[in-house]
Amino acid sequence: MVLRGDLGRKLNVEEQETQIGIKKTRLHKVEKGVEQPECYQDLLLLRRMRVNRIIMRKRRHERFYNVVGSRLAKAGFVLLAIVMIVLSSGGGVAYAYYQSQLPYLNGIAQHSLFQTTHIYDRNGKLLYELYDKQLDHGRRTYVDYNDISPLLVNATIAAEDHTFRTNTGVDYTGIVRAAVSNAQSNGVVEGGSTITQQLIKKQFFADQPRNVQVKGEEAVLATGLTQQYPKWKIMEMYLNTVFYGDNNFGVEAAAEEYFGLKPQCSQGHCKPAVAQLTLGQASLLAGLPQSPTSYMPVTYKARAIQRQSIVLQGMENLNMITASQKAQAQQEMQRYQFKGYRPVRVAPHFVDYVVDDVLNLFGAQNVANGGYSIYTTLDLDLEQKVEQLTYDHLYKDQIDAYLGYGTLSQFHNVNNAAVVVMNPVNGEILAMNGSADYKMNSPQLQGVYNAALSPRQPGSSFKPIVYATAFEMGWYPAMIVPDQQTYFPDGTNTYSPHNYDNKYNHPGPMTVRKAVANSFNVPAIEAIEYAGIPNVLNMAGRLGLTEIQNLSLSDTGPSMALGSKETSLLHLTGAYATFANKGVRTPTVSILRIDDNQGYPIYQYDQARPYGQRAVRADVSFLVSSMLSDKAARYEEFGPNNPLELSIPAAAKTGTTDNYADNWTMGYTPHLTVGVWAGNSNNELMRDVIGITGAAPIWHDVMEYATQRYHFPADDFTPPANVHQQTVSANTGLAANPGEPTVQDWFIDGTQPTMKGSYYIPPAPAPEKHKHQDNNGDGNNNGNGNNNGDGNNNGDNNNNDNNNGN
């Protein structure tokens, strides 16, 4: 029942009690047994209300003072502990404790935290991120304060520590205020820890109970850290330390994942993702450290947006932004579609090769946690073009006047290929494609395996190494060598090689130049018999063919001249690069520079002064280049307009192993070297395809593209001062008799013949068309696959590895 006064106004409690008191007095005048009026019931009701009100007020006061008292007591204990530690022994205890932890604190400032290692191409394009995937580890890229967006700094202050710029590392007033506020709200609505304390907590006390001792030690370290480092450095340390969810330690990793931002690199310096943040992005990131898993925007976008609103409101309250900016930032993140971590892995075969190199230098754990920036020799744009050309030539229809029409994989069972592109002057690897498709996995194409590093028989692409050895010992390109059935001693047996078509093509005289250009086999065996296998092994070693250099003599034999001994595409490309570099071999280089996690170079390759050593005399190297770049000399076998011909002068050599298991094309200009292998991962035999039709088209297109990309001039190979041209007899290769047909070729001074041979007229060979055009009539098999064995060779353990050699 509600009592009302004059004009029907509702009476308050005191007025109601007064009115009831008056009525109560009147009741005493009423005799017993007389019916009591209604006001007596009102009195009983108000008495109950008053008693209940007093009980509830008492309970609230007790609960408030219990909670507040408890929390204030804890805060008081913390403050007292800090004061006691600081004051005890003149502050000696606090100082000693701080000094004991100083190396760890300095370690944070000096970037000693685990960090992600980044691998870049030569132009600063990211190839791969390498990080430790163990528990409590993940992705982290340390960024300097100057590279951090001021929006993120302000947002972090608004979210975590309003007094950051002025406090001493501990906000004593804030501790008490937070305790009272949390008590009044019956929950945690405000924290008392500063950004500096949170930094200390995360690094030293993350797994420890939050008791008075821990909080006291935390406060001492925070105070000492503030005295030692400026505020900007502490903010830098905090933003690089804190966890942002989903394996993201530090704000740079979070910015890259959640917003897809990437560092913008040029000339060795990268503008990190955190420097590119908008207000919406910065305010969202600043809210995550409070509960990084619960607020992770990829999974819990609504929670993250709600937390962002609190941060933005704090920024507005601190006059960091306007209401309009706040609204715009909220709308930006509401529209944004968050995506999870998208690992970067391009040029995978090359990356694996580089990682193996770096692991040997620094160790696996150090590389994964070291935060190195590794700048490589790779040109990513070139690499991706090479990968495309490789795949297209094998798996897409090709129309070519020389090669015909069709796909190599479908019609010729060529399913895999590898390509290496190298700068012959400094040994830098510009591209390395280890398979036709890294993601494909079949017996014929095992994409993850790097075929550029796999030892395989090189076929006739090994012949230039043999002839170079012979040239060092006095041979010359105009020397006459036979291409006819010949039996060579091989231990207790004899060895009689023949060409790919089981024929001998020249009953009459033939020069070394023509034999090399058309890849005939008998002359190559003559060359290794003359030079000696030990000397050829020595030459192979000087050119970097370590697999062949390390062979024992008992594992060799004459068939080695035809490429029966295995080597890798990378090593063979390096050997050809030596010829391109006038006989100076520069070891292959894959890394240009390595920076530590503070950006200081710890390794630098001097591109202007490559570490090259003379492997072959310049005059010998020129003779090899002269023969391999002679277009007309190879017309007998390949005809004009074949894939070995470029728009500029170029040296090239093909190779095909027995039964078409491996295709090779190796070649170079003075500025570029390219090696190509084609075949199948499981050694399954190809069908009717050889070097000129399998590997050569890929080589041709890669050479043309790279030459145009780098604007290389159309330079030819220049003879050194001790090499001159001279005319000799076309019949004998000696000084010509009067009336004899002659040829002109290059000679190293002192090797020109002075003796004349007997004058005779050799038999004229029967006229025939170019073999490429004649063979099988399909325009695809040009006869460039010399079969170097007939199964009769048993003497050198491996001479039954018959190689077509073309």
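**Exercise 1. A charge and a ring**

Find the ring over which the charged end of Arg140 sits in this predicted model, and give its distance from the ring centre.

*Solution.* Begin at Arg140 and follow its side chain to the charged end, which sits over the ring of Phe114, at 4.2 Å from the centre of that ring. Then turn to Lys133, whose charged end sits over the ring of Tyr131, 4.3 Å from the ring centre.

**Exercise 2. Classifying aromatic pairs**

Decide whether the rings of Tyr120 and Tyr375 are stacked, tilted or edge-to-face, and state which parts of the chain the pair links.

*Solution.* A search of the whole structure finds 16 aromatic pairs. For Tyr120 and Tyr375 the ring centres are 5.0 Å apart and the planes stand at 15°; since planes under 30 degrees apart count as stacked, this pair is stacked. Next, locate the two residues: Tyr120 belongs to strand 1 (residues 117-120) and Tyr375 to strand 5 (residues 373-376), so that the pair links distant parts of the chain, 255 residues apart. Finally, consider accessibility, where buried means under 20% relative accessible area: Tyr120, at 5%, is buried, and Tyr375, at 8%, is buried.

Now apply these steps to Phe243 and Phe249. Their centres lie 4.8 Å apart with 40° between the planes, and the pair is tilted. Phe243 has a relative accessible area of 26% and is therefore partly exposed, whereas Phe249, with 14%, is buried.

**Exercise 3. Two packed helices**

Describe how helix 6 and helix 8 pack, giving the angle, the distance between the axes and the handedness of the crossing.

*Solution.* Two packed helices are described by the angle between their axes and the distance between those axes. Helix 6 (residues 195-204) and helix 8 (residues 231-241) pack at an angle of about 45°, and their axes are 10 Å apart. That angle makes helix 6 oblique to helix 8, and the crossing of the two is left-handed. Among the residues that make the contact are Ile195, Leu199 and Lys202 of helix 6, together with Ile234, Met235 and Tyr238 of helix 8.

**Exercise 4. A loop residue and its contacts**

Locate Lys756, and list the residues it touches, not counting those up to four places away in sequence.

*Solution.* Lys756 is placed in the loop between strand 22 (742-748) and helix 26 (771-774). With that exclusion in sequence, Lys756 touches Leu734, Ala735, Ala736, Asn737 and Pro738. For Leu734, the separation from Lys756 is 22 residues in sequence and 5.5 Å in space, C-alpha to C-alpha.

Key. Residues numbered from 1 in each chain as written. Predicted model: local features only at pLDDT ≥ 70, side-chain atom pairs only at ≥ 80, totals over all residues. Heavy atoms only, no water. Phe/Tyr/Trp six-rings, centres within 6.5 Å; stacked < 30°, edge-to-face > 60°. Helix = DSSP H or I, 4+ residues; strand = E, 2+ residues; numbered from the N terminus. Buried < 20%, exposed > 50% of the residue type's maximum accessible area, 1.4 Å probe, protein only. Lys NZ or Arg CZ within 6 Å of the ring centre and 35° of its normal. Contact = heavy atoms within 4.5 Å. Axes fitted to C-alpha atoms, helices over the stretch in contact; angles between N-to-C directions. Parallel < 35°, antiparallel > 145°, perpendicular 65-115°, else oblique. Left-handed = near helix turned anticlockwise from the far one by under 90°.
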